[in-house]
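My notebook is open and I have a fresh structure to look through. I will jot down each thing as I look it up.

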Amino acid sequence: AGSPALPGETQGQPNAWFAYSRVVLAPGEKLEWPVAQAPVAVVMIHDGRLTLTHPDGWTTSLEAAGSVRVVDDFGPYLLENAAESGPVEVVLVEVR
C-alpha cells in the first residue's frame, strides 16, 4: 500500500527527492485521496478517462497516455475512472 500521502501501490524506495505510487481503478471506481502533502504529478499510463476532482469542486480529466496534471494544493481529492470499460492506471509522483 502507498504512504498516507500517496494512495495505491508504492513503487521503488521513497527518497529525499520523490516518492511514487501506482493506482489502478476499475470502471466507475472512485478513490478519495485525503491530502496531497507536497506537489504531486498525476500521470496517465494508458488511454482511458480519469476524472480528478479538486477540493473546491473543480474537475479536470486525463484521457491520453502521457497526460499529466500537477496537484499543488492540499486535498481532499477524488480520483474516478469515468471510462465505460477497462481499468484506468495512473502513477502519482510526489515531489519532496
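**Entry 1: a salt bridge**

Which side chain meets E63 in a salt bridge? I looked it up and found R49, with 2.1 Å from N to O. A salt bridge here is a side-chain nitrogen of Lys or Arg within 4 Å of a carboxyl oxygen of Asp or Glu. The pair links distant parts of the chain, with E63 in the loop between β6 and β7 and R49 in the loop between β4 (40-44) and β5, 14 residues apart.

I then checked how open these two residues are. Buried means under 20% relative accessible area, exposed means over 50%, and partly exposed is in between (1.4 Å probe, protein chains only). E63 is partly exposed at 39%, and R49 is partly exposed at 35%.

**Entry 2: what kind of model this is**

A note to self before I go on: this is a predicted model, in which local features need pLDDT of at least 70 and side-chain atom pairs count only at pLDDT 80 or more, while totals for chains, interfaces and linings use all residues. Residues are numbered from 1 along each chain as its sequence is written, and side-chain values use heavy atoms, with hydrogens and water left out.

**Entry 3: the whole chain**

I counted 0 helices and 9 strands. Helices (H or I, at least four residues) and strands (E, at least two) are DSSP runs, numbered from the N terminus. The radius of gyration of the chain is 12 Å, close to the 12 Å that the globule rule gives for 96 residues, so the chain is as compact as a globular protein of that length. That radius is taken over C-alpha atoms, and the rule is 2.2 Å times the number of residues to the power 0.38.

Along its principal axes, the C-alpha trace spans about 40 × 30 × 20 Å. Buried residues make up 33% of the 96 residues.

**Entry 4: the sheet of 4 strands**

How are the strands of the 4-stranded open sheet ordered? I read the order as β3-β8-β5-β6, with antiparallel pairing. Two strands pair if DSSP finds at least two bridges between them. β3 (30-33) and β6 (59-62) stand at the edges with a single partner strand each, so one side of each has no neighbour in the sheet. Neighbouring strands are turned by 20° against each other on average, direction ignored. For such angles, axes are lines fitted to C-alpha atoms (for helices over the stretch in contact), and angles run from 0 to 180 degrees between N-to-C directions.

I followed the pairs one by one. β3 and β8 (residues 77-81) are joined by 4 bridges, and L31 has L79 as its bridge partner in β8. Strand β5 (residues 50-53) is joined to β6 by 4 bridges as well, and there T53 stands opposite T59. The hairpin of β5 and β6 has 5 residues between the strands, and G57 takes a positive phi near 95° in it.

Which side chains of β6 are buried? They are T60 and L62, which point to one face, while T59 and S61 point to the other and are not buried.

**Entry 5: the sheet of 5 strands**

The other open sheet I looked up has 5 strands in the order β1-β2-β9-β4-β7, again with antiparallel pairing. Its edge strands are β1 and β7 (68-71), each pairing on one side only. The twist averages 25° from one strand to the next. Between β1 and β2 I found 3 bridges, and Q11 has Y20 as its bridge partner in β2.

The structure holds 2 salt bridges, and one of them joins R22 and E89 (2.6 Å, N to O). R22 lies in strand β2 and E89 in strand β9 (residues 88-95), so this pair ties together parts that are 67 residues apart in sequence. R22 is partly exposed at 30%, whereas E89 is buried at 18%.

**Entry 6: two loops**

Where is W17? I found W17 in the loop between β1 (9-11) and β2 (18-25). W17 counts as exposed, at 63% relative accessibility.

D47 lies in the loop between β4 and β5 and is exposed too, at 59%. I also looked up its distance to P87: the two are 40 residues apart in sequence and 9.7 Å apart in space, C-alpha to C-alpha.
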